[in-house]
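Me: I am learning to read protein models, and I would like to go through this one step by step. Could you answer my questions with the reasoning spelled out?

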Amino acid sequence: MTEAVIKKENCRLCNSENMLLVVNINPSPIADAYVKKEQLNETQDLYPLDLYLCKECGHIQNAYVVNPDLLFRDYTFFTSNFKGLVEHFKIYADDITSSFDFKEGNLAVEIGSNDGTFLLNLKEKGMKVLGVDPAIDAVNLANERGAKTLPDYFTDDMAQKIVAENGKAALVIANNVFAHSDNLIDIISGIEKLLDKDGIFIFEVSYLADIVDRFLFDTVYHEHVSYHSINPLQKAFARKGLEIFDIIRNKSKGGSIRCFVKRTSSEKHTTQPVVQEYIQNEIQRGLDKKELFLKYNDDILQKKKEVLTLIDQLLAEGKKIVGYGASTTVTTLMWHFELTERLMFLVDDNKIKQYLFSPNNHLEVLPSSELVNRNIDYVVIMAWNYAEPIMANNKAFADKGGKFIIPLPELKVI
Ligand SMILES: [Zn+2]
């Protein structure tokens with residue numbers, strides 16, 4: 001069996017060994033490894049989550065890499081199950097096919113294509129589509145639905161194989177893969193081989209500046225190994241003869257960027273001023289410097305102290321406190337803020353998560369009706385990005401005197 005976790009010594013974007021630890025985040029179990037009752041005797045290890053800054057190119061990343069087979073091969077996430085995502089990808093496909101004049105039969109390759117939801121939109125518009133994804137069940141579903149998909153990781157070698165069998169691609173897409181993949185240099189190299197002369201590569205990832213400004217440190221978990229900003233990415237693309245020529249900001253996952261990449265030599269697409277504006281802004285605010293992250297680290301610890309002081313005082317008064325949310329970000333927040341022993345159980349409205357147990361510390365996940373049934377005094381909204389809808393959906397709890405604790409970005413009790 002391959003090792004569960006390895007320590008990476010080199011930067012994921014530029015291969016430099018000049019890496020500095022800048023943000024300490026407590027070790028946690030694999031964030032989405034919620035278990036069934038019959039698995040409660042299985043141990044779930046904790047793995048480091050610290051963030052490192054590459055002093056060479058400014059890329060922020062996790063140094064510890066959990067074996068991707070443990071994270072992605074049995075991935076039970078199907079895009080088509082999430083109405084919001086299905087809609088997002090339909091609009092996304094409409095946007096890019098109306099912005100660029102792809103021809104009937106042009107090849108579109110998606111890296112990390114899951115169950116083919118996005119590719120099927122492109123196929124409908126007349127493109128020839130091919131997906132690549134390691135998650136076996138999602139790949140089977142994609143192939144059944146008519147989006148041809150290879151069950152593997154995308155690499156430089158695979159790109160060459162795809163070109164030999166299908167020719168070059170007019171469009172390569174990667175959504176979130178750029179945050180998930182350990183071998184970014186190899187992937188970028190493969191993308192360069194795959195793109196035709198004027199082909200474009202489009203990817204969407206969370207934006208580092210939003211992660212910092214909006215305290216989204218709980219989006220740091222083991223599936224996520226890179227936290228991107230434009231400056232280090234542009235340098236990595238340049239080394240392969242590619243460049244980001246346009247950027248669109250959106251609100252997905254609390255703040256994301258959609259980047260458009262072309263060959264530097266291609267004159268078909270014009271580089272937009274917005275790219276240089278992003279880079280200037282990042283340099284100006286020090287998004288590639290240790291000082292900004294050391295302060296970020298301190299700010300997070302200060303917020304943690306405020307939350308723990310409040311919760312410990314309430315516990316001392318004998319209050320019953322639970323957590324709201326059973327997602328990946330909740331795992332990071334629970335471990336980093338040391339709430340693992342302080343919450344009685346979790347509640348979540350997602351039926352798939354109900355009656356499962358949180359990774360490692362095994363808090364049971366119950367329906368939110370249990371807040372009232374069990375006379376809970378306080379619920380910490382762990383999924384704090386959704387505080388508004390959660391409070392709106394739980395008026396019955398508030399009407400009975402229950403209180404909500406919103407831990408971030410500012411601690412509030414409502
Ligand atoms: Zn680097």
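Me: How many helices and strands does the secondary structure of the protein come to?
Reply: This is a predicted model, in which local features need pLDDT of at least 70, side-chain atom pairs count only at pLDDT 80 or more, and totals for chains, interfaces and linings use all residues. Residues are numbered from 1 along each chain as its sequence is written. Helices (H or I, at least four residues) and strands (E, at least two) are DSSP runs, numbered from the N terminus, and by that reckoning the protein has 15 helices and 19 strands.

Me: In what order do the 7 strands of the open sheet stand?
Reply: Two strands pair if DSSP finds at least two bridges between them, and the pairing in this open sheet is mixed. Strand E8 (149-150) and strand E12 (242-250) each have a single partner strand, so one side of each is left without a neighbour in the sheet. The order of the 7 strands is E8-E7-E6-E9-E10-E13-E12.

Me: Which residue in E10 is the bridge partner of Ala174?
Reply: Strand E9 (residues 169-175) and strand E10 (residues 195-206) run parallel and are joined by 6 bridges. In E10, the partner of Ala174 is Phe203.

Me: What distance separates the centres of domain 1 and domain 2?
Reply: The domain assignment, with bounds that come from an automatic or database source, gives domain 1 (73-288) and domain 2 (291-413). Taken over C-alpha atoms, their centres are separated by 33 Å.
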